[in-house]
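Please examine the sequence and the three-dimensional structure displayed below. The account that follows is intended to be read alongside them.

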Amino acid sequence: MPEPVLSIRGLTKVYPGGVRALDAVDLDIERGEIFALLGPNGAGKTTLIGAVCGLVKPSGGTIHAFGHDLARDWRAARARIGLVPQELSTDMFETVRRAVSYSRGLFGHPPDKARIEQVLRSLSLWDKRDSQIRELSGGMKRRVLIAKALAHEPDLLFLDEPTAGVDVELRKGMWEQVEALRERGTTIILTTHYIEEAELMADRVGIIRDGRILMVDDKAAMMQRMGTTEAVLTLAQPLAALPDAVADLPVALNEDGSQLTYRGGDGTGSGSAEVARLTKLLNAAGIDYDAIEMRDSSLEDIFVDLVSSGEVEEAS
């Protein structure tokens, strides 16, 4: 198997006062993938990113990037890593072009006007190249952060809540840029509160809570294994109790007896088959229904269930 771009083992961070932000995290990131790290506020996402990018000193564990141990050979590794931080931290009185060019120089790369122009054009910032950053909208300022992260042509790019506070149109443009980066071979790790974006973009998903990785899996496999089907049947006549004919199925009757709700399946279509069986059993029992609404679990449903339960599954 190819060596992972990023390999983390036993990564721990304990802040003064005993707050354990990371608790023995193990994680491998493969070359060229988009990996979504999901978790509630305070889960440890930004601390993990900071540890890899040299902004947070770990309390224990190891980090290897591109085969380099970041504790001993950090300069060679971090020259190939880019970060789009969550906070808008940049010199607001600097012009867009100068800020992006300066960021490239910080990583030891020589000036390259053509590269800077390419990056700014790809993010629709070229027309704003001589504007001071303080004059830009919030969405445009976030694009400047992305441009700064891309200026030195990183092989591994961290996006920490890159679309926070950005309108729908700008969000769409940013994700098109992310897809273009992936096509060029850039490995991308992102955190986001917009879980539908992770569902759309990511190859694999990791879920973290209280500094511990609860699960890492291929997105499609996770949704197949943990996904369920939900069907709500609105009954023609209220029922006083759950019919014996459907007692072996995962169904429940609401308080006033007007709706029957099914929740089951395993994400492979078995839920739809069970709903079909449910309707046949109701018909045979002489129970009519006026409407049926069905939906399959989204990644957000799985995320909420897993974070709420706190169960740790074997990472793949």
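The paragraphs below move from the whole chain to its empty spaces and then to three individual residues.

The structure is a predicted model. Its protein chain contains 10 helices and 14 strands. Taken along the principal axes, the C-alpha atoms fill a box of roughly 80 × 45 × 40 Å. The chain has 316 residues, and 44% of them are buried. Among contacts with a separation of 6 or more, 69% join residues that are 24 or more positions apart.

The empty spaces come next. Rolling a probe the size of a water molecule over the atoms shows where empty space is left. The largest pocket has a volume of about 690 Å³. Its lining is made up of 23 residues, and those nearest the centre of the pocket are L83, S103, L106, F107 and H152. Four elements each supply at least two residues of this lining: helix 2 (74-78), strand 6 (81-84), helix 3 (96-106) and helix 5 (138-150). Helix 3 provides the largest share, with 4 residues. Divided by class, the pocket lining has 13 nonpolar, 5 polar and 5 charged residues.

A search of the whole structure for enclosed space finds 1 cavity of 30 Å³ or more. The largest cavity holds about 50 Å³ of space, and it is lined by I146, L157, L159, P162, M174, Q177, V178 and L181. Strand 7 and helix 6 are the elements that give two or more residues to this lining. The most comes from helix 6, which gives 4 residues. By class, the cavity lining comprises 7 nonpolar residues, 1 polar residue and no charged residue.

The loop between strand 7 (156-160) and helix 6 (168-183) contains the residue E161. Which side chain of opposite charge is nearest to E161, and how far away is it? The nearest is that of K45, at 5.0 Å. A salt bridge requires a side-chain nitrogen of Lys or Arg within 4 Å of a carboxyl oxygen of Asp or Glu, and E161, although buried, has no salt bridge. Leaving aside neighbours within four places in sequence, E161 is in contact with K45, Q86, R142, T191, T192 and H193.

Further along the chain, I195 is found in helix 7 (residues 195-201). Is I195 buried or exposed? I195 counts as buried because its relative accessible area is 6%, and the cut-off for that class is under 20%. Apart from neighbours within four places in sequence, I195 is in contact with L38, L299, E300 and F303. I195 and R143 are separated by 52 residues in sequence, and their C-alpha atoms are 20 Å apart in space.

The last residue to consider is D28, which is placed in strand 2 (residues 20-29). With a relative accessible area of 24%, D28 is partly exposed. Not counting residues up to four places away in sequence, D28 touches P4, L6, S7, I8 and R9, together with E33 and R204. D28 and A65 lie 37 residues apart in sequence, with 9.9 Å between their C-alpha atoms.

Taken together, the three residues may be located by their elements: D28 in strand 2, E161 in the loop between strand 7 and helix 6, and I195 in helix 7.

Terms used
Residues numbered from 1 in each chain as written. Predicted model: local features only at pLDDT ≥ 70, side-chain atom pairs only at ≥ 80, totals over all residues. Heavy atoms only, no water. Buried < 20%, exposed > 50% of the residue type's maximum accessible area, 1.4 Å probe, protein only. Lys, Arg positive; Asp, Glu negative; His and termini not counted. Contact = heavy atoms within 4.5 Å. 1 Å grid on protein atoms, 1.4 Å probe; cavity = no way out; pocket = protein on both sides within 12 Å on 5 of 7 lines; lining within 4 Å. Points joined across faces, edges and corners; volume = space filled by probe spheres on them. Nonpolar A, V, L, I, M, F, W, Y, C, P; charged D, E, K, R; others polar.
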